[in-house]
Every structure is written in structure tokens, then in C-alpha cells.
Amino acid sequence: MTNIGVLGAGQLGRMLALAGYPLGHRFRFLDPASDSPAGLLADHLTLDYADTSALEQFVNGLDVVTYEFENVPVEVVRHLEKNVSVYPPSMALEKAQDRFVEKSFFQELGIPTPKFTINGLDNGFTDGNGFGFPAVLKTRRMGYDGKGQSIVHSQSEVESGLSKRTADELDLFILEEFILFDRELSIIAVRNKSGETKFYPLIENHHRDGILRLSLAIGNISAELQKQAENYAQRILSALDYVGVLTIEFFEKNGQLLANEMAPRVHNSGHWTIEGAITSQFENQVRAVCDAPLGSTNPLGVCAMVNLVGTLPDETSILKIEGAHLHLYDKAPRPKRKLGHITLVEKDMETLYQKLDLIRTVYDF
Ligand code: AMP
């Protein structure tokens, strides 16, 4: 039995605890929000991350700490690391929290990315950067699910996107080449403290308004592409002496992968693994941070995951669909909020697509 502390008590934390309880572990969460999805399942401290005495209270009696939210302040993790093992390492958080640092890190490791710049208005952010327009203007920090980003088509659009900013704030943005990608893919890797490493198959992801709506793990990935993704993931795991689950999101273009971002945690595009893989990403995260042997990442069929965003479907209609697994996060509906998901695991593509069509009759995704 291991006492596991988790920073953040959202749906990812909730699913982590649900995977860890059968292994006999105990969980304690720290999250400033009182109505968090994991709060009902375990000990939950509703305290601020910046509160040092709260951190002492949180860490007391814990064997290991992990996080389910990548915007946990790095200083908090550093502070905790003095008293307890924290996985993934704080260096992973530091890299992932800033898009410029992250993309520069990918490039140092020889992992291709879209072209990018952080030059200010005076000397950059123009089509003179070599990648032209359209381009994507993003905040370097705190952006997720498409928040803090916009597509810009001209220099004047860049300027109006930045117009409310002071000169000091201009380097808080990154401008990226707009990639007309063939597909969006993600790989989920996991490594334990002893260095044992496993990879899930590349997942195909479909977004709307920057938010993930549908993930497919349907075996439509060539061995070569899978090898390329695993090789890139391995470089990051080794460079960071990583422990835990790591997700990397890629754009696929002409058979090549360009890394967009990484998440040092379990990921929405891996929710299908709860029913669809021999061992879920959540169980493997628990195993990794407890330095247990990792479970098989092999899929059990062709799988799909439909995100429930902003609104919920009629529960009965979903549960009537044979094989549909409904997961609800106990969150109040709000536009763009992830409220739950549905997983399908089928033997063949025809049945999988028939079931997705059935879901579509009751829920738009
Ligand atoms: P991000 O917050 O970086 O994950 O971006 C959210 C979504 O916006 C991605 O999943 C893509 O669909 C789209 N996107 C982000 N960056 C780019 C880019 N450089 N080129 C084309 N689409 C992008």
C-alpha cells in the first residue's frame, strides 16, 4: 500500500484514484477548488498551492506525490521535492509550462516542430520570419484547449492581437507556423523509476474549437510512424530521467511528425485505455510512480473516445447503446467544459463506426 498525494483534483485525478484503489493504494488530493471531481473519492485538502503550511499538511504521511494538472506552480513541486519523491520530475513541468521553452527543448533533442518565434513586434512576428501567414499566435503560458490562441492572417492582425499588451508583455507570446496537417496524433508513454518503458499506440485526435472531441485508437498507424513517435518520446523520457506518464501531441504531415506540445501527465486522448487497453494510462501512472512493473499497453480492440463538452447527453440513450461506457465527472455543465466521456471498444471498424453513428443521434461531437 502506498499513500499517494495528487496535486489537482479534477477528472484526471478522479480516474487516477479509481485505477489505484484496486491496487490497494490510498490517495490525498490538494486543489484550491472545493467542488473538484476527485474530492468525493478521497481525502481532499481545499487549500491554495501557494500556502506553505497547506503543503506541509498535504505531504504529511505521503510516500509519493504526483500531479494531474500541468499548471501547478513549479516552485510548489520544488518545495515538496525536499520532503518526498515527486513524479514526474519538476523539470518536466518547467519545460511543459512555457510553449517557447517546450518547443526549444524539442528542437534541442532533434524532434521536429512547427517553425516558431518569440521576437517582438519591432523585429519579428512578420512574414519575414520565413513561415509567413496564416500563423498561430499563442500565449506562451496557461493556454490549453485552444485558449489564448488565434489564427492571424496578416501583420496587422498580429498587431491587433497584441495591441492591448505593454511592450514588456510582448515576449509572453509565441507565433507559430500554421500547419495544414494531415492528422493530429498523440503518443502516451510511461516509464517507471527503474527505467522500464512502454508506449501506447499512436492515437488519432479530432478537435473542434481547439477542444478534443474524438480520439480513435483503431490501428491506422504504420509501424514506421509508431517507431518515429516512440523514438521522439524516448528522447524526452531519457533527457528528463522521467517517471510517470508522458503525452506528446503531434501534427502528421506527409508521413512526418511535428511535435506541438507535451503534457507531463495522463491525457484526455488516453481515456479510451480504461476499457480499451490491457492496462489503462491511469493504472500505469500509478504503477510508474510506485515503481511497480508496468502493465501491458496493448489495445483490446478498435477503440473510440467521445468527449462530452459543455453539455451532457441523455444518459439512458447512451447506456442503451451496447458496449458504450459512460464516464461522468460530476461537474456542472458550462460551455467548453469537459464533463465526461464515452468509450467504445469493438472488434471491427464497421461496428465501431455504427456505434459512433448511434452516439451521434443523441449527442453532437
Ligand atoms: P494547442 O493549445 O497548442 O494544443 O492547440 C490546440 C489546437 O489548435 C491543436 O490541437 C490544433 O488543432 C490547433 N493548432 C495549434 N497550433 C497549430 C499550428 N501551429 N498549426 C495548425 N493548427 C494548430
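Arg-28 is part of strand β2, which spans residues 26-30, in what is a predicted model. Its relative accessibility is 17%, so Arg-28 counts as buried, the cut-off being under 20%. A polar atom of the Arg-28 side chain lies 2.4 Å from the backbone oxygen of Phe-58. Phe-58 also appears among the residues in contact with Arg-28 once neighbours within four places in sequence are left aside. That list includes Ile-4, Gly-5 and Val-6, and also Asp-43 and Leu-45. Gln-57, Val-59, Asn-60 and Leu-62 complete the list.

**The loop after β2**

The loop between β2 and β3 (43-45) holds Ser-36, and Ala-38 lies in the loop between β2 and β3 as well. Ser-36 has a relative accessible area of 9% and is therefore buried. For Ala-38 the relative accessible area is 0%, so Ala-38 is buried too.

Which residues does each of them touch, not counting residues up to four places away in sequence? Ser-36 touches Ala-9, Asp-31 and His-44. Ala-38 touches Ala-9, Gly-10, Gly-13, Arg-14 and Phe-29. Ala-9 thus appears in the list for Ser-36 and in the list for Ala-38.

Distances between C-alpha atoms add to this picture. Ser-36 and Tyr-329 are 293 residues apart in sequence, and their C-alpha atoms are 9.1 Å apart in space. Ala-38 and Leu-18 are 20 residues apart along the chain, with 9.3 Å between their C-alpha atoms.

**Two buried helices**

Gly-13 and Arg-14, both touched by Ala-38, are among the buried residues of helix α1. Why is helix α1 (residues 11-20) described as largely enclosed by the rest of the structure? The reason is that 9 of its 10 residues are buried. Besides Gly-13 and Arg-14, the buried residues are Gln-11, Leu-12, Met-15, Leu-16, Ala-17, Ala-19 and Gly-20.

Helix α9 (residues 281-289) is likewise largely enclosed by the rest of the structure, because 7 of its 9 residues are buried. The buried residues of α9 are Gln-281, Phe-282, Asn-284, Gln-285, Val-286, Ala-288 and Val-289. Just after α9, Asp-291 takes a positive phi of about 55°.

**Backbone angles in loops**

Positive phi values also occur at Asp-209 and at Asp-241, neither of which is a glycine. The table sets out these two residues.

| Residue | Phi | Loop | Relative accessibility |
|---|---|---|---|
| Asp-209 | near 50° | between β12 (203-208) and β13 (211-217) | 57% |
| Asp-241 | near 45° | between α7 (223-240) and β14 (244-253) | 53% |

Are Asp-209 and Asp-241 buried or exposed? At 57%, Asp-209 counts as exposed, and at 53%, Asp-241 counts as exposed. The cut-off for exposed is over 50%.

Another backbone feature is found at Pro-88. A cis peptide bond joins Tyr-87 and Pro-88, and its omega is about -10°. Pro-88 is in the loop between β5 (85-86) and α4 (90-96).

**The ligand and its surroundings**

How many residues surround the ligand? There are 15, and the closest are Lys-138, Glu-177, Ile-179, Glu-184 and Glu-261. By class, this shell has 5 nonpolar, 4 polar and 6 charged residues.

Some pairs of atoms can be named one by one. A polar backbone atom of Ile-179 is 2.9 Å from a nitrogen atom of the ligand. An N or O atom in the side chain of Gln-149 is 3.0 Å from an oxygen atom of the ligand. For His-207, the distance from a side-chain N or O atom to an oxygen atom of the ligand is 3.5 Å. On its own, the ligand has 470 Å² of accessible area, and the protein covers 92% of that area.

Which elements give two or more residues to the shell around the ligand? They are the strands β7 (135-139), β9 (173-177) and β15 (256-263). At the level of domains, the ligand lies between domain 2 (115-177) and domain 3 (183-360), because both give residues to the shell around the ligand.

Technical notes
Residues numbered from 1 in each chain as written. Predicted model: local features only at pLDDT ≥ 70, side-chain atom pairs only at ≥ 80, totals over all residues. Heavy atoms only, no water. Near = heavy atom within 4 Å. Polar contact = N/O pair within 3.5 Å; in protein donor to acceptor, adjacent residues only side chain to side chain. Areas by Shrake-Rupley, 256 points an atom, 1.4 Å probe, with all protein chains shown as cover. Helix = DSSP H or I, 4+ residues; strand = E, 2+ residues; numbered from the N terminus. Nonpolar A, V, L, I, M, F, W, Y, C, P; charged D, E, K, R; others polar. Domains from an automatic or database assignment. Buried < 20%, exposed > 50% of the residue type's maximum accessible area, 1.4 Å probe, protein only. Contact = heavy atoms within 4.5 Å.
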